[in-house]
Amino acid sequence: MAKVGLCEDDPAIRRVVSEGLRLHGHETVVAYDGGEALRRFADDTTLDVLILDIGLPDADGRDVCVALRSSGQVAPVLFLTALGELHERLSGFAAGADDYLAKPFSVAELAMRVEALARRGRVVAPSDPSDLILDPARHAVVCGDNEVLLTPTEFRLLAAVTSRPGEVVRRRAVIAAAWPDGAHVSDNTLDSYATRIRRKLEQIESPLQLRSVRGVGYQLR
């Protein structure tokens, strides 16, 4: 039996998925929007799989995914969404998803995918060097009592790095996470965004800063 975190705003789909997974022997913990998903799932180390809708009423599910990853949640993520075009799937994987199922869908197939993800298991969580909290609904970053708003691109760029604490995240991975598939982003543009993020982290007195590794990528340290 897998313990599944489900974030879906449509009550009919929520009911169908929850009941279908229950009939296949799985337990479901439900959230209705991105904010509730963060409150319920971020610190839950017992979850085996997460199912996230992308079109949530308060946030983009991809931003919720990166915020959960940044908080230390390492359960495999499956996006369940009506956005099934190739560029949408690619952006989902760039946000940290492990699988993707477009609506309409078969509950039997969903259950099989959940079981496959649960068997694969969770990755080992790296130690988190950061007290930064990402808010996908407001595109904000919080440190202690201080908060600063980010643009959507700044949010996704920062999340791409904070979701891999201690690692040097390559430039191409940052671009894939922060910009639409196929976007041409120059080194100067990327560095300009990184500089803006550094200034905003200074505003909230973050002990960590976004460090450039010349010719490679970025690291939070």
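This short presentation concerns strand β1 of a predicted model, its neighbours in the sheet, and two cysteines.

Let me begin with the strand itself. Strand β1 covers residues 3–7, and 5 of its 5 residues are buried, so the strand is largely enclosed by the rest of the structure. The burial involves both faces: K3, G5 and C7 lie on one side, V4 and L6 lie on the other, and all of them are buried. As general background, side chains in a regular strand alternate between the two faces of the sheet.

I turn now to the pairing partners. Strand β2, residues 27–31, runs parallel to β1 and is joined to it by 5 bridges. Within this pair, K3 stands opposite E27 of β2. The connection involves helix α1, residues 11–23: together, β1, α1 and β2 form a β-α-β unit of right-handed sense.

The other partner to mention is strand β3, residues 49–52, which pairs with β1 in the parallel sense over 4 bridges. Here L6 of β1 is the residue that stands opposite I51 in β3.

Finally, the cysteines. How many disulfides does the model contain? The count comes to 0. C7 takes part in no disulfide, and the nearest cysteine sulfur, that of C65, is 11 Å away. From the side of C65, the closest cysteine sulfur is the one in C7, and at 11 Å it is too far for a bond, because a disulfide requires the two sulfur atoms to be within 2.5 Å.

Are these two cysteines buried or exposed? C7 counts as buried because its relative accessibility is 0%. C65 is likewise buried, with a relative accessible area of 1%.

How values were computed:
Residues are numbered from 1 along each chain as its sequence is written. This is a predicted model: local features need pLDDT of at least 70, side-chain atom pairs count only at pLDDT 80 or more; totals for chains, interfaces and linings use all residues. Side-chain values use heavy atoms; hydrogens and water are left out. Buried means under 20% relative accessible area, exposed over 50%, partly exposed in between (1.4 Å probe, protein chains only). Helices (H or I, at least four residues) and strands (E, at least two) are DSSP runs, numbered from the N terminus. Two strands pair if DSSP finds at least two bridges between them. A crossover is right-handed if, with the strands pointing away from the viewer, the path from the first strand over the helix to the second runs clockwise.
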